[in-house]
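Q: Could you take a close look at one part of this model, the place where two helices pack against each other, and explain it with care for a first-year student?

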Amino acid sequence: MVILGIDPGLAIVGFGVIEKGKYKTEAIDYGVIRTPKEDSLPIRLQKIYDGMCQLIDTYKPEQVAIEELFFNTNITTGITVAEARGVILLACIHKGLKLYEYTPLQIKQALTSNGRADKQQVQFMVKAILNLKAIPRPDDAADGLAVALCHSQTNLMLSGTDIK
């Protein structure tokens, strides 16, 4: 099963594509979609939408896992990230994909058994589980893989929120 994991953002959208086999899970690809801050918001959202459609067309994932938003203090940034996340969800729905959502706590718990794990612990586990030579860079790409792994390591029938 091919799973696309997404770490949503406006400037950088992290993604990870994995294939979960019966006995082994492998990384197919990972990276980021970047949008220049000089571009207007509508243009940046269009670039994210186009990038997502290209990823979906290239890798043909069967399921998509996306990180839920966590608002800390900057609500203005949170709003634009929420808009980017909406475009990501729209691209997936337009392509007929089944979507699952996970909180940061669920992702950390699935990969490290500790919902309060720090970023370095999660990145180390991504590298170890997928038998990678190095921790994926930038961090957003590692986060995309972490979301995909969370989904792959959770009961696929009961995990996340099926929003299709």
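A: What follows describes one pair of packed helices and then a cysteine.

This is a predicted model, in which local features need pLDDT of at least 70 and side-chain atom pairs count only at pLDDT 80 or more, while totals for chains, interfaces and linings use all residues. Residues are numbered from 1 along each chain as its sequence is written, and side-chain values use heavy atoms, with hydrogens and water left out.

Helix α3 covers residues 104-112 and helix α5 covers residues 139-152, where helices are DSSP runs of H or I with at least four residues, numbered from the N terminus. Their axes lie 9 Å apart and meet at an angle of about 70°, the axes being lines fitted to C-alpha atoms over the stretch in contact, with angles running from 0 to 180 degrees between N-to-C directions. That makes α3 roughly perpendicular to α5, a term for angles of 65 to 115 degrees.

On the α3 side, Q106, I107, A110 and L111 meet A146, V147, L149 and C150 of α5, contact meaning heavy atoms within 4.5 Å. By class, this contact of α3 with α5 has 7 nonpolar residues, 1 polar residue and no charged residues; Ala, Val, Leu, Ile, Met, Phe, Trp, Tyr, Cys and Pro count as nonpolar, Asp, Glu, Lys and Arg as charged, and the others, Gly among them, as polar.

C150, one of the α5 residues in this contact, is buried at 1% relative accessibility, where buried means under 20% relative accessible area (1.4 Å probe, protein chains only).

Terms used: Buried means under 20% relative accessible area, exposed over 50%, partly exposed in between (1.4 Å probe, protein chains only). Helices (H or I, at least four residues) and strands (E, at least two) are DSSP runs, numbered from the N terminus. Angles under 35 degrees count as roughly parallel, over 145 as roughly antiparallel, 65 to 115 as roughly perpendicular and the rest as oblique.
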